[in-house]
Amino acid sequence: MSTSSAATHKPLKPLRGVRILSLALNLPGPAAFMRLQAMGATCLKTEPPGPKGTSGDPMGQYNPTAYATMHSGIKVLTIDLKTDKGQQQLHKALARTDVLLTSFRPSALLKLGLGWKALHKAYPALSVVAIVGAPGARAEEPGHDLTYLADAGLVTGLDLPATLFADMGGALMASEATLKAVLVQKTTGKGSFQEVALSDAAAWLALPRSWGLTQPQGAVGGAHAGYRVYPCKDGRVAVAALEPHFAASLCAAAGVAMNGMGSMFQPATHKAIAAFLAGQTRKQLDALAVARDIPLHTLAR
């Protein structure tokens, strides 16, 4: 493919014509909604009334920037689902909806008359993608991104994770579940119920750790001298010279003898590479990466 044709290639819109209604608040649901809109879906979101005319979505109150990014181009309606008027507005929208996205506990949905059985009876072609904290009977348990990551073994030490892995992973799983629901609708003409658990998203992300890959003794957990974060003269450098040819290039640049891949796991190799990188500036390492074809990325302190 030529550069010009690649540059003008339009993204696929597999959900064009699919109408999705979201009741989901905070991060996972809106993040999934953002992706679904990018795939061409017609997206409508409802929110409860907020204080003094603000958004009823907590994200809109504590991080307006994130809220604005996730809701760009999405029509938002303020509806109080606890009132008769709000219920009427909701069901008017549901009659025109292909997929409903929620993020409430199952008991809360039942109180609102939005349990799967009732919805499926009223709207046989409607699919529901329900984002919950944990699957099945545990869906009523309180939790958040941090607790799901901790349960999956992804919280080490006292530092918070660098991002909201379970929430964002759950958003990806929710968009995947929506695609599955649409495929089922197109083949059977019937709606389906898809449950997406944030704890399952955390467990999925934790699989490499459970396999030992990212444990301290694992090749990408710090045991391989070519796959680590090292200090350099004016910052840090993330080195990912894992494959033999990359490791050989790194060792050659550092003046380290490499006698097979086993040597990359030796303390002496770690020490020699650390000493070499400590004496280099970020600018020098950036140039080295290009000259020697070494996968690395320099960072400020």
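The following questions and answers go through the sheets and helix packing of a predicted model.

Visitor: In what order do the strands of the open sheet of 6 strands stand?
Guide: The pairing in this open sheet is parallel. Its edge strands are E3 (75-78) and E6 (193-197), each pairing on one side only. Neighbouring strands are turned by 20 degrees against each other on average, direction ignored. The order of the 6 strands is E3-E2-E1-E4-E5-E6.

Visitor: Which residue in E2 stands opposite Ile-20?
Guide: Strand E1 (residues 19-22) is joined to strand E2 (residues 42-47) by 4 bridges, and the two run parallel. Opposite Ile-20, the residue in E2 is Cys-43.

Visitor: Which residue stands opposite Leu-100 in E4?
Guide: E1 and E4 pair in the parallel sense over 3 bridges. The residue that stands opposite Leu-100 is Leu-21.

Visitor: What is the bridge partner of Val-99 in E5?
Guide: E4 is joined by 4 bridges to strand E5 (residues 127-132), and these strands run parallel. In E5, the partner of Val-99 is Ser-127.

Visitor: Are the residues of strand E4 buried or exposed?
Guide: In a regular strand the side chains alternate between the two faces of the sheet. In E4 (residues 99-102), Val-99 and Leu-101 point one way, while Leu-100 and Thr-102 point the other way. On either side the result is the same, as all of these residues are buried.

Visitor: What angle does the direction of H2 make with that of E2?
Guide: Helix H2 (residues 28-38) packs on the sheet and touches E1, E2, E4 and E5. Its buried residues are Pro-28, Gly-29, Pro-30, Ala-31, Ala-32, Phe-33 and Leu-36. Between the directions of H2 and E2 the angle is about 160 degrees.

Visitor: Which residue with positive phi follows H2?
Guide: The helix covers residues 28-38. After H2 comes a residue whose phi is near 100 degrees, and this is Gly-40.

Visitor: Are H2 and H9 oblique or roughly parallel to each other?
Guide: Two packed helices are described by the angle between their axes and the distance between the axes. For H2 and helix H9 (residues 165-188), the axes are 8 Å apart and the angle is about 50 degrees. The crossing is right-handed. The two helices are therefore oblique.

Visitor: How many nonpolar, polar and charged residues does the contact of H2 with H9 have?
Guide: From H2 come Pro-28, Ala-31, Ala-32, Arg-35 and Leu-36. They meet Asp-167, Met-168, Ala-171, Leu-172, Ala-174, Ser-175 and Thr-178 in H9. By class, the residues are 8 nonpolar, 2 polar and 2 charged.

Visitor: Across which strands does H9 lie?
Guide: H9 runs at about 170 degrees to E6. The strands it lies across are E1, E4, E5 and E6.

Visitor: Are H9 and H10 roughly perpendicular or roughly parallel to each other?
Guide: The axes of H9 and helix H10 (residues 198-205) come within 8 Å and cross at roughly 100 degrees. H9 contributes Phe-165, Ala-166, Asp-167, Gly-169, Gly-170 and Met-173 to the contact, and H10 contributes Leu-198, Asp-200, Ala-201, Ala-202 and Leu-205. These residues divide into 7 nonpolar, 2 polar and 2 charged. Given the crossing angle, the helices are therefore roughly perpendicular.

Visitor: Why is one side of E7 and of E9 left without a neighbour in the sheet?
Guide: The open sheet of 3 strands has the order E7-E8-E9, with antiparallel pairing. Strand E7 (227-232) and strand E9 (296-299) each have a single partner strand, so one side of each has no neighbour, as they stand at the edges.

Visitor: Which residue stands opposite Ala-238 in E9?
Guide: Strand E8 (residues 235-240) is joined to E9 by 4 bridges, and the two run antiparallel. Opposite Ala-238 in E9 stands His-297.

Visitor: Which strands does helix H15 touch?
Guide: H15 (residues 282-292) packs on the sheet, and its direction makes about 165 degrees with that of E9. The strands touched are E7, E8 and E9.

Visitor: Does Thr-281 count as buried, exposed or partly exposed, and what is its relative accessibility?
Guide: Thr-281 lies in the loop between helix H14 (267-278) and H15. Leaving aside neighbours within four places in sequence, Thr-281 is in contact with Lys-233 and Asp-234. Buried would need a value under 20% and exposed one over 50%. Thr-281 therefore counts as partly exposed, at 22%.

Notes. Residues numbered from 1 in each chain as written. Predicted model: local features only at pLDDT ≥ 70, side-chain atom pairs only at ≥ 80, totals over all residues. Heavy atoms only, no water. Axes fitted to C-alpha atoms, helices over the stretch in contact; angles between N-to-C directions. Parallel < 35°, antiparallel > 145°, perpendicular 65-115°, else oblique. Left-handed = near helix turned anticlockwise from the far one by under 90°. Contact = heavy atoms within 4.5 Å. Nonpolar A, V, L, I, M, F, W, Y, C, P; charged D, E, K, R; others polar. Buried < 20%, exposed > 50% of the residue type's maximum accessible area, 1.4 Å probe, protein only. Pairing = 2+ DSSP bridges.
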